[in-house]
Amino acid sequence: MSLKDQILKNLESNGFPEKKVSLPLEKMYEVADSKGENLNSILEELQAMGVENEKTLDKIIFKSGMPNLSGDAFTKAQEMMGKMDPEELKKMQEQVANMSADEKAKLMEQAKAMGLF
């Protein structure tokens with residue numbers, strides 16, 4: 001299991017996306033290093049998926065960047081992204097990462113209108 005998947009699973013088991021979840025900063029860097037992964041890159045990927053993070057001196061606080069996203073909808077979105085071609089997923093993540101907050105809100109409204117949530 002990749003570190004990104006581990007983080008997502010850990011966040012969900014702690015009430016994400018309804019709640020903010022914090023994980024120990026130093027421990028996260030140690031785990032990433034032991035797996036040969038780059039934590040900052042993973043955090044950027046998560047950000048593109050709507051999982052915002054804020055680093056403090058000793059922890060990373062994760063919160064949903066998508067308003068009113070229920071756990072069920074979050075799981076559905078994860079499943080949909082898991083079925084996408086890696087190149088397609090990367091392109092979509094880049095597009096979302098470059099969106100303004102207003103554009104992201106409009107995208108969420110469109111998804112709701114389509115019955116995705």
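In this predicted model, proline 17 is located in the loop that connects α1 with β1. The peptide bond leading into proline 17 from phenylalanine 16 is cis, and its omega is near 10 degrees. Helix α1 is also followed by glycine 15, which has a positive phi, near 95 degrees.

The chain as a whole contains 6 helices and 3 strands. Read from the N terminus, these elements follow the order α-β-α-α-β-β-α-α-α. Of its 117 residues, 26% count as buried. The exposed area of the chain is about 7600 Å², of which carbon and sulfur atoms supply 50%. Among contacts in the chain with a separation of 6 or more, 65% are made by residues 24 or more positions apart.

Helix α1 has a buried side and an exposed side. The buried residues of α1 are Leu3, Lys4, Ile7, Leu8 and Leu11. Viewed down the axis of α1, these buried residues fall within an arc of 140 degrees, so they line one face of the helix. The exposed residues Lys9 and Ser13 sit on the face of α1 that is turned away from the buried side. The general geometry of helices bears on this pattern: an α-helix has 3.6 residues a turn, so residues three or four places apart point the same way.

The strands are connected through β3. Strand β1, residues 21–24, pairs with strand β3, residues 59–64, in the antiparallel sense, and the pairing comprises 4 bridges. Within this pair, serine 22 is placed opposite isoleucine 61 of β3. Strand β2, residues 51–55, also runs antiparallel to β3 and is joined to it by 5 bridges. Here valine 51 has serine 64 of β3 as its bridge partner. The connection from β2 to β3 is a hairpin of 3 residues. The two faces of β1 differ in cover: Val21 and Leu23 form the covered face, whereas Ser22 and Pro24 form the uncovered one. In a regular strand, side chains alternate between the two faces of the sheet.

The largest nonpolar core has 20 residues, and the members that touch the most others are Ile7, Leu11, Leu39, Leu46 and Phe62. Two or more residues of this core come from each of α1 (3–13), β1, α2 (25–34), α3 (39–48) and β3. Two of these members, Phe62 and Leu39, are described further here. With residues up to four places away in sequence left out, phenylalanine 62 touches Ile7, Leu11, Phe16, Lys19, Lys20, Val21, Leu23, Leu43, Leu46, Val51, Glu52 and Asn53.

Leucine 39 belongs to helix α3. Leucine 39 counts as buried because its relative accessibility is 2%, where the limit for a buried residue is under 20%. Apart from residues up to four places away in sequence, leucine 39 touches Leu3, Ile7, Met28, Tyr29, Ala32 and Ile60. Leucine 39 and lysine 4 are 35 residues apart along the chain, and their C-alpha atoms are separated by 8.7 Å.

The loop between α3 and β2 contains glycine 50. Glycine 50 has a relative accessible area of 12% and is therefore buried. In sequence, glycine 50 and alanine 97 are 47 residues apart, and in space the C-alpha to C-alpha distance between them is 8.7 Å.

Helix α5 spans residues 86–97 and has 12 residues. From the first C-alpha of α5 to the last, the helix reaches 16 Å, close to the 16 Å expected at 1.5 Å a residue. Leu89, Gln93 and Val96 are buried in α5. Seen down the axis of α5, the buried residues lie within an arc of 65 degrees, so they line one face of the helix. Glu87 and Lys91, on the other side of α5, are exposed.

Notes: Residues are numbered from 1 along each chain as its sequence is written. This is a predicted model: local features need pLDDT of at least 70, side-chain atom pairs count only at pLDDT 80 or more; totals for chains, interfaces and linings use all residues. Side-chain values use heavy atoms; hydrogens and water are left out. The expected span of a helix is 1.5 Å times one less than its number of residues. Buried means under 20% relative accessible area, exposed over 50%, partly exposed in between (1.4 Å probe, protein chains only). The arc is that of the directions from the helix axis to the C-beta atoms. Two strands pair if DSSP finds at least two bridges between them. Contact means heavy atoms within 4.5 Å. Accessible areas come from the Shrake-Rupley method with a 1.4 Å probe; for residues, only the protein chains shown count as cover. A nonpolar core is a set of buried Ala, Val, Leu, Ile, Met, Phe, Trp, Tyr and Cys residues joined through side-chain atoms within 4.5 Å.
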